[in-house]
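Thanks for asking for a second pair of eyes on this one. Please have the model open as you read, since the points below go from the whole chain down to single residues.

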Amino acid sequence: MAGAAGEIDHDFNAILQIHQNGRLDQAEAGYQEILNRAPRHHPSLGMLAILGIQRNRPDEALRYADLAIAIEPRISNTHATRGNALHGLKRYEEAAQAYQVALTLNPDGHDVLTNLANAWKRLGHFERAMQCYDRALAMCPTSIDTRYNRGVALLEKGRHAEPRRGDALVAVH
């Protein structure tokens, strides 16, 4: 039994490398092949969820994320991927809930905080969004994505030049 698990882990790592090299069709086929051998292989389900996000197939991503969470509910990244799928489906309230679960499991996820802020913004909860952007920037002050999304939120509210506490004032045109 240990040999079979070791073989699956070896195969998964090889497929992950293929995925990271951008060969998505081959990676998808590989993850599916592992699931044929080990239907409850959480890492393959999680990576198929990520592939769904990468390919703009949020329904598929959500299905795989939910399957992975049913097997192993304590993995923050899977909940974050679920949130991304729900966001892609414009189900922002559910996306916010998924991001909150991810943050409960891993409070250090500045990128998840940014995604939560984006969901709050979509739901019209501007102040909640700004709090999340600011928390994310406190964790990772160099995050271009967070700074960009925060700036867009400010522009949408007509607040063109508003620094975070401790930031220099930068006018956005």
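Here are my notes as numbered points.

1. **Status and overall make-up.** Please keep in mind that this is a predicted model. The protein chain has nine helices and zero strands, so to speak a one-letter topology: from the N terminus on, the elements read α-α-α-α-α-α-α-α-α. Along the principal axes, its C-alpha atoms fill a box of roughly 60 × 30 × 25 Å.

2. **Burial and contact range.** The protein chain has 173 residues, and 41% of them count as buried. If you take the contacts between residues at least 6 apart in sequence, 43% join residues at least 24 apart.

3. **Helix H3.** This helix covers residues 42-54. With 13 residues, H3 reaches 18 Å from its first C-alpha to its last, close to the 18 Å expected at 1.5 Å a residue. Its buried residues are His42, Ser44, Leu45, Gly46, Met47, Leu48, Ala49, Leu51 and Gly52. You will meet H3 again in the pocket, where it gives the most to the lining.

4. **After H3: Asn56.** Following H3 comes Asn56, with a positive phi near 55°. The residue sits in the loop between H3 and H4, and it has this positive phi although it is not a glycine. Why does Asn56 count as exposed? Its relative accessibility is 66%, and the cut-off for exposed is over 50%. As background, most residues other than glycine have a negative phi.

5. **Helix H5.** From its first C-alpha to its last, H5 reaches 19 Å with its 13 residues, which is close to the 18 Å expected at 1.5 Å a residue. Which residues of H5 are buried? They are Ser76, Thr78, His79, Ala80, Thr81, Gly83, Ala85 and Leu86. These buried residues pack against H3, helix H4 (58-71), H6 and H7.

6. **After H5: Lys90.** Just after H5, Lys90 takes a positive phi of about 65°. Lys90 is a residue other than glycine, and it lies in the loop between H5 and H6. With a relative accessible area of 61%, Lys90 is exposed. I would put Lys90 beside Asn56 when you look through the backbone: Asn56 also has a positive phi.

7. **Helix H7.** At 1.5 Å a residue, the 13 residues of H7 (residues 110-122) should span 18 Å, and the end C-alpha atoms are 19 Å apart, which agrees. Buried in H7 are Val112, Leu113, Thr114, Leu116, Ala117, Asn118, Ala119 and Trp120. What covers these buried residues? The cover includes helix H5 (76-88), helix H6 (92-105), helix H8 (126-139) and helix H9 (144-156). Just after H7, Gly124 takes a positive phi of about 85°.

8. **The largest pocket.** The largest pocket holds about 300 Å³ of space. Its lining is made of 15 residues, and the closest to the centre are Ile50, Asn77, Ala80, Thr81 and Asn84. Helices H3, H5 and H7 are the elements that give two or more residues to this lining. H3 contributes six residues, the most of any. How does the lining divide by class? There are seven nonpolar, seven polar and one charged residues. Two of the names closest to the centre, Ala80 and Thr81, also appear among the buried residues of H5.

9. **The aromatic pair.** How many aromatic pairs does the structure hold? The structure holds one. The partners are Phe12 and Tyr31, in a tilted arrangement with 5.8 Å centre to centre and 40° between the planes. Phe12 lies in helix H1 (residues 2-20) and Tyr31 in helix H2 (residues 24-37), so the pair ties together parts that are 19 residues apart in sequence.

10. **Burial of the pair.** Are Phe12 and Tyr31 buried or exposed? Phe12 is buried, with a relative accessible area of 11%. Tyr31 is also buried, and its relative accessible area is 0%. Both values follow from the cut-off for buried, which is under 20%.

Definitions and conventions:
Residues numbered from 1 in each chain as written. Predicted model: local features only at pLDDT ≥ 70, side-chain atom pairs only at ≥ 80, totals over all residues. Heavy atoms only, no water. Helix = DSSP H or I, 4+ residues; strand = E, 2+ residues; numbered from the N terminus. Expected span 1.5 Å × (residues − 1). Buried < 20%, exposed > 50% of the residue type's maximum accessible area, 1.4 Å probe, protein only. Contact = heavy atoms within 4.5 Å. 1 Å grid on protein atoms, 1.4 Å probe; cavity = no way out; pocket = protein on both sides within 12 Å on 5 of 7 lines; lining within 4 Å. Points joined across faces, edges and corners; volume = space filled by probe spheres on them. Nonpolar A, V, L, I, M, F, W, Y, C, P; charged D, E, K, R; others polar. Phe/Tyr/Trp six-rings, centres within 6.5 Å; stacked < 30°, edge-to-face > 60°.
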